[in-house]
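Subject: Handing over a structure, with notes

Dear colleague,

I am passing on to you the structure that I have been going through, and my notes on it come after it. Please have it open beside the text as you read.

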Amino acid sequence: MAASHPIAHGQRVLRVRTAGFTRRLLAAIIDALLVNVVAIGATLVAALALGVSLPGSKELGPDFVLAGLLDRNPMALGALGLLAGMSALYQIYMGGILGQTGRQAPASPSRNLIARQRAWALLGCLRFVALLLSLLPVGLGWLWCLFDRERRALHDHLSGTYVIVEDR
């Protein structure tokens, strides 16, 4: 049983709500769409700048990227690398340094902000690697939050983080 600590007069009590699966899934979809739009836009600009012919609408399909990867097409490999790199940077910067994805988190008051940013960046890296592990077995690590009493997914447990709902 956890020991209770008396709250001194004037001391604030922090109460948070953890985000559920639906909210987390919608946020992940929005994050993925944002990163994909930027990565696809950068790939199109690079293809036009390099004079690479763009595929027609009949060539696009679910197997288009896979076929390009199997053929070792430099544009497909570059596009996939760009997407992976942008995804990592997005998660590390937004989740690790700013403390949340989506909108910018307010800066935490600190005299040693640079050291804290480095620590947050390391936490963001750890969380990103843990997120990849969560996605690998068909997303089972994400589904973990459906059954966890704290609504934490596998990557939350591995990185020691929580996804909370900000009350306004």
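What follows describes the overall make-up, then the salt bridges, and then the region around one helix and the loops on either side of it.

Please keep in mind from the start that this is a predicted model. The protein has six helices and two strands, and, read from the N terminus, these elements come in the order β-α-α-α-α-α-α-β. Of its 168 residues, 23% count as buried.

I begin with the charged pairs. The count of salt bridges comes to three. In one of them the side chains of Asp156 and Arg24 meet, with 2.7 Å from N to O, and this pair links distant parts of the chain, since Asp156 belongs to helix α6 and Arg24 to helix α1 (residues 21-50), 132 residues apart. Asp156 counts as buried because its relative accessibility is 0%, and Arg24 is likewise buried, with a relative accessible area of 4%.

Another salt bridge is formed by Arg127 with Asp156, where the closest N and O atoms are 2.5 Å apart. Here too the two partners come from distant parts of the chain, with Arg127 in helix α4 and Asp156 in helix α6, 29 residues apart, and both Arg127 and Asp156 are buried. Taken together, Arg24, Arg127 and Asp156 are linked in a network of salt bridges.

The side chains of Glu150 and Arg152 also meet in a salt bridge, at 3.3 Å from N to O. Glu150 counts as partly exposed, given its relative accessibility of 25%, whereas Arg152 is buried, with a relative accessible area of 9%. Arg152 is found in the loop between α5 and α6, and a polar atom of its side chain also lies 3.1 Å from the backbone oxygen of Thr161.

That loop holds another charged residue to look at, namely Asp148, which is placed between α5 (140-147) and α6 (154-159). What is the nearest side chain of opposite charge to Asp148, and how far away is it? It is that of Arg152, at 5.7 Å, and Asp148, although buried, has no salt bridge. The limit for a salt bridge is 4 Å between a side-chain nitrogen of Lys or Arg and a carboxyl oxygen of Asp or Glu. The side chain of Asp148 does, however, make a polar contact of 3.0 Å with the side chain of His157.

Arg151 has its place in the loop between α5 and α6 as well. Its phi is near 60°, a positive value in a residue other than glycine, and at 41% relative accessibility Arg151 counts as partly exposed.

I turn next to helix α5 itself. Which residues of α5 are buried? They are Gly141, Trp142 and Cys145, and because they cover an arc of only 115° around the axis, they lie on the same side of α5. As a general point, an α-helix has 3.6 residues a turn, so residues three or four places apart point the same way. The face of α5 that is turned away from its buried side carries the exposed residues Leu140 and Phe147. For Leu140, which lies in helix α5, the relative accessible area is 51%, and the residue is therefore classed as exposed, the cut-off being over 50%.

Leu140 and Phe147 also take part in a nonpolar surface patch of about 580 Å², which is made by these two residues with Val138, Leu143 and Leu146. Of these, Val138 is found in the loop between α4 (113-135) and α5, and it counts as exposed because its relative accessibility is 78%. The phi of Val138 is near 55°, which is a positive value in a residue other than glycine.

If you would like a place to start in the viewer, you could look at Asp156, which is buried together with Arg127 and is linked with Arg24 and Arg127 in the network of salt bridges. From there you could go on to α5, with Gly141, Trp142 and Cys145 buried and with Leu140 and Phe147 exposed on the face turned away from the buried side.

With best wishes

Note on methods
Residues are numbered from 1 along each chain as its sequence is written. This is a predicted model: local features need pLDDT of at least 70, side-chain atom pairs count only at pLDDT 80 or more; totals for chains, interfaces and linings use all residues. Side-chain values use heavy atoms; hydrogens and water are left out. Helices (H or I, at least four residues) and strands (E, at least two) are DSSP runs, numbered from the N terminus. Buried means under 20% relative accessible area, exposed over 50%, partly exposed in between (1.4 Å probe, protein chains only). Lys and Arg count as positive and Asp and Glu as negative; His and the chain ends are not counted. A polar contact is a pair of N or O atoms within 3.5 Å; within protein, one must be able to donate a hydrogen and the other to accept it, and residues adjacent in sequence count only if both atoms are side-chain atoms. The arc is that of the directions from the helix axis to the C-beta atoms. Patches are made of residues with over 30% relative accessible area and no salt bridge: like charges are joined within 9 Å, nonpolar side chains (Val, Leu, Ile, Met, Phe, Trp, Tyr) within 5 Å. Accessible areas come from the Shrake-Rupley method with a 1.4 Å probe; for residues, only the protein chains shown count as cover.
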